[in-house]
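Hi,

Here is the structure I promised to pass on, with my notes underneath. Have a look at it first, then read on.

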Amino acid sequence: MDLLDSKVYSLIGDEGFVRLCAAFFRRVPTDPILGPMYQHDLAGAEWRLREFLVGRFGGPERYIEKRGHPRLRMRHSPFKINTPARDRWVATMGEALAEAKLPAEADAALRRFFDDGATFMINHPD
Ligand code: HEM
């Protein structure tokens, strides 16, 4: 059975999101597509992604308290996100999920969200 997104935080806590996002951002600097996009303030970017996910998956709303409404498509508009970039992001997050070894239901809910969410972020045709 599918796990409700809002239950993911109760399953993996801050600790799970910390491990997942650390594994993702460890891969970013050397990635030929993602590296140049996330040039500045990697630690800040890691906080923003992690805390957004914590709130989105049933944890404390620390992201919204600090950043306000996510408006994620608008906040991605400075970056050229085409299908290859989207696929790279999803593949990198897939590697991070594999490394983090979260419980299967949490892993599945997160993968589903990343797959759809990253497609929604595409803002460039090529
Ligand atoms: C489900 C998919 C995604 C989610 C949930 C997500 C989430 C986020 C969040 C929460 C931020 C910080 C926004 C802010 O407060 O300013 C952000 C920034 C960013 N995202 Fe995404 N993103 C996704 C997909 C992508 C994709 C596909 C790319 C590029 C291939 C991308 C590249 C970036 C970059 C370059 C930033 C700026 C880093 C920073 O915060 O300083 N994201 N993303």
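The ligand sits in the largest pocket. A pocket here is an open set of points on a 1 Å grid over the protein atoms alone, where a 1.4 Å probe fits, with protein on both sides within 12 Å along at least five of seven lines; "sits in" says that more than half of the ligand's atoms lie within 2 Å of the pocket's grid points. Please keep in mind that this is a predicted model, where local features need pLDDT of at least 70, side-chain atom pairs count only at pLDDT 80 or more, and totals for chains, interfaces and linings use all residues. Residues are numbered from 1 along each chain as its sequence is written, and side-chain values use heavy atoms, with hydrogens and water left out.

Around the ligand there are 22 residues (a heavy atom within 4 Å), and Y38, R48, Y63, R67 and H76 come nearest. That shell has 16 nonpolar residues, three polar and three charged; Ala, Val, Leu, Ile, Met, Phe, Trp, Tyr, Cys and Pro count as nonpolar, Asp, Glu, Lys and Arg as charged, and the others, Gly among them, as polar.

Three side chains make polar contacts (N or O pairs within 3.5 Å) with a ligand nitrogen atom: H76 at 2.8 Å, W89 at 3.3 Å and Y38 at 3.5 Å.

As for the fold, the protein has seven helices and zero strands (DSSP runs of H or I, at least four residues, and of E, at least two). Buried residues, under 20% relative accessible area with a 1.4 Å probe and protein chains only, make up 41% of the 126 residues.

Best wishes

How values were computed: Polar contact = N/O pair within 3.5 Å; in protein donor to acceptor, adjacent residues only side chain to side chain. 1 Å grid on protein atoms, 1.4 Å probe; cavity = no way out; pocket = protein on both sides within 12 Å on 5 of 7 lines; lining within 4 Å. Buried < 20%, exposed > 50% of the residue type's maximum accessible area, 1.4 Å probe, protein only.
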